[in-house]
Amino acid sequence: MCGITGFIDHTGTLTEQHLRKASASIAHRGGNGSGFIIDTQPHYTLALANERLATIDLSPKSQQPLTSHCGNYSITFNGTIYNYLELREALIKYGIAFSTLTDTEVILESYKRWGYKAFEKLDGSFAFALLDRKQNQLLLAKDEIGAKPLYYFKQKGCYAFASEIRALLQYPIIEKAISPNALATYFRYGYFIGEETIYQHIYKFKKGILTTIDIHSGNSYDSPLTMRKPPQAANETQSEEEILAKIEELLTESILKRNVADVPIGLLLSGGYDSATTAAILQKNQTKRIKTYTLGFKDEKLDEVPQARKIAEHLKTNHHELYLDKNQAKTILKELPEVFDEPIGDSGAIPLMFIAANVNKEYKVLLSAEGGDELFGGYRTYSRALQFERLQKRKIPKLVKQFVLGILKKTRPQLKEVIEAENLLAKYLEINASFTHHQINRLLNTSKAPSKGIERKAQNIKDLLIYDLHNYLPNNILFKSERCFAHYGIDNRDALLKTDLVDYLATLDSKWFIKDGEQKYLLKKITNKYIPASYLKKPQKGFGIPLANWLKTSFKPLIETYLSAEKLNSHGLFNLKEVQKIKNNFYTNGSAYNAQKVWLLLQFQMWHERWVA
C-alpha cells in the first residue's frame with residue numbers, strides 16, 4: 001500500500017512545490033520513503049509522486065516512482081500484485097533482468113513486454129499511474145474490484161490524480177465546491193454512488209478502467225482495463241459437490257496469494273462465516289499459527305468475542321482480543337474528520353480505527369474477509385426485499401392485499417416507499433436507505449433527493465448481489481476499511497475478492513445463494529468442513545458498534561454541539577426545523593433507523609467544519 005499523486009498541467013499553474021505538498025498530505029499512507037518525478041517542459045509540467053509503504057522488497061532501491069532500466073517507463077503504484085512471482089518467472093524466461101524483488105517492477109516490465117495486454121495478466125488490488133515516454137502517454141488504471149482509492153480532477157489543460165481527496169485539495173486549481181447531488185446521495189444511502197464525491201469537480205476513478213492521457217495535448221480517453229469476456233452461465237449438470245469443490249479451490253487460491261509479504265501478516269476474525277473461512281483455510285495451509293484479532297464490547301449485546309474465541313481455539317490460531325468502550329469510541333469519533341476527507345456514513349469506521357491503532361506497530365499487513373456477503377448472499381436485507389416482492393406478486397384478493405399493505409404503511413411509515421417501489425432492486429434500495437426521498441427534500445435547502453428511477457431491474461438475489469458488488473461494496477465497505485487502515489500505514493487485503501471467484505459465482509443459478517431458506521448456503525457448506533456449525537449459530541454482527549446507545553450517552557455532547565442552530569446556520573444547507581425533528585425523534589425512539597439519521601448529520605457537520613468551513 002502506498003499513496004500516489006501527480007498531474008499533467010498545460011496551464012502553467014501547478015509546480016513542484018504543489019506536488020510536494022500534495023504528497024506530504026498523504027504521507028500517513030507510507031512511512032518507508034517518498035519519491036518524485038518532475039518533468040517541466042515549455043508547454044506542460046508532468047509530475048508523479050509516491051509515499052511508499054514497503055511490504056514486498058523492503059530495500060531502498062525499490063523506492064517509487066520506479067523507472068525501468070531503459071528509462072522509457074516510470075510508475076507510481078499503490079496496491080499489491082498477487083501473482084507477481086509467476087509473472088516475474090515468465091519474464092525472466094524472456095531474458096529480462098530485474099533490479100528489485102518488487103511487484104512494482106513486474107508491472108513495468110510486463111507492460112514493456114506485452115503492452116496493454118499486460119494488464120489482463122494482473123491478479124491484484126491496485127491503482128497506478130504509468131508514464132510511457134516512448135508513446136508520450138500517461139496511463140492511469142484501477143483494478144476491477146476497486147478496493148484501492150484513486151480520485152481525479154479534470155479540466156481543459158489540467159489532469160490531476162491522487163489516492164485521497166486531501167491531496168487534490170493542495171492543488172490551487174481545484175475549488176472546494178460541495179456537490180448538491182452528492183449531498184443528497186450521502187443522506188440517502190450513507191455513501192457516494194459511482195464517480196461522485198462530495199465535491200463538484202473531484203471524481204472517483206472508475207474500477208476496471210484504463211485512462212490514457214496524451215502528454216502533449218492533454219487529451220484523454222477511457223477504455224476497459226482488460227478485454228475479458230463476461231462470465232458464461234455454468235453447466236446446469238454441475239452437481240452441488242462439483243460447485244463446492246470449485247469454490248473452495250478458488251477461495252484457497254485467493255486467500256493464500258494474499259498472504260504473501262516480507263512483513264508480518266495478521267487476520268481480522270469476527271464471529272461470522274467470512275472471516276472464519278479465511279482463518280480456517282489459511283491455518284490449514286501452514287504449520288505456523290496465524291495471528292488473529294477480534295473486537296469486543298464489554299457489557300454490550302454486539303460482543304462477538306465468545307464466538308470468535310471458540311472459532312480461534314478450534315483452529316488453534318494465535319488469538320488476541322481487543323475491547324472498545326464508549327469513551328475510547330468518543331475519542332476516535334473526534335478523529336474521524338481528520339481521517340476521512342469526505343463525510344463517512346458508516347459508524348463501523350470507529351471499531352476499525354481502534355483495531356488499526358492497536359496493531360499497527362506489529363503488523364503492516366492485515367487480511368480481512370470483506371465481500372463475503374456480496375459474493376454469497378449474506379445480508380438479511382436480500383431476503384426482506386425478496387419477501388416484499390413476493391407479497392406484491394402473490395395472487396391474493398386485491399382488497400386483502402390492499403388492507404395488509406395499508407396496515408404496514410401505517411404501522412411502519414418507513415416501509416411506505418419500500419412497498420410502493422416499482423421493482424425488486426428499487427425495494428432493496430429503499431430498505432437500505434437512511435432517508436426517504438420526502439425526508440431528504442424536507443431536510444436539504446440546496447438540492448432534491450436522487451431520482452427514484454432505477455434503470456436496471458432485478459429479477460432475483462443474484463441481481464442484488466451484482467448491484468452491491470459494483471456499488472455498496474467498493475463505495476462503502478472497501479472505502480471505509482481501506483481508509484481506516486491506511487491512516488495507520490497498514491495494507492488491508494481483502495482475502496476473498498479474487499476476480500476469478502467473482503466471475504465463477506456470477507455463472508451460478510440464483511438458487512445456490514438462498515437454498516432451503518438458508519442464506520450464504522454455499523459458503524456455509526464449505527466453512528462447516530473446517531468448523532462445526534454449532535460454533536457459528538449466532539447471527540454475525542461484524543465489527544459494528546452500539547450506535548444508538550452511544551449517541552444517547554458519550555456521543556450526545558457532540559450531537560448538541562454540532563447540530564446546534566449556530567453550527568447549522570454557518571452554512572445554511574439544512575432546514576433547522578427538520579434537523580430538530582430528527583433529533584427529537586431519536587431521543588424519543590432510539591431505533592437503529594433514527595440513530596443512523598443523527599449519525600449522518602453529525603458526521604457531515606464534523607466533516608464540514610474540518611474541510612470546508
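Helix H15 (residues 424–432) crosses helix H17 (residues 461–470) in a right-handed sense, where right-handed describes a near helix turned clockwise from the far one by less than a right angle, and left-handed an anticlockwise turn. In this predicted model, local features need pLDDT of at least 70 and side-chain atom pairs count only at pLDDT 80 or more, while totals for chains, interfaces and linings use all residues. Residues are numbered from 1 along each chain as its sequence is written, and side-chain values use heavy atoms, with hydrogens and water left out.

The axes of H15 and H17 are 10 Å apart and meet at an angle of about 55°. Axes are lines fitted to C-alpha atoms, for helices over the stretch in contact, and angles run from 0 to 180 degrees between N-to-C directions. The two helices are therefore oblique to each other, since angles under 35 degrees count as roughly parallel, over 145 as roughly antiparallel, 65 to 115 as roughly perpendicular and the rest as oblique. Leu424, Leu425, Tyr428 and Leu429 of H15 touch Leu464, Tyr467 and Asp468 of H17, contact meaning heavy atoms within 4.5 Å.

Elsewhere, six strands form an open antiparallel sheet in the order S4-S5-S6-S7-S11-S12. Helices (H or I, at least four residues) and strands (E, at least two) are DSSP runs, numbered from the N terminus; two strands pair if DSSP finds at least two bridges between them. Strands S4 (66–67) and S12 (220–224) are the edges, each pairing on one side only. Two bridges join S4 to S5 (residues 73–81), and Thr67 has Ser74 of S5 as its bridge partner.
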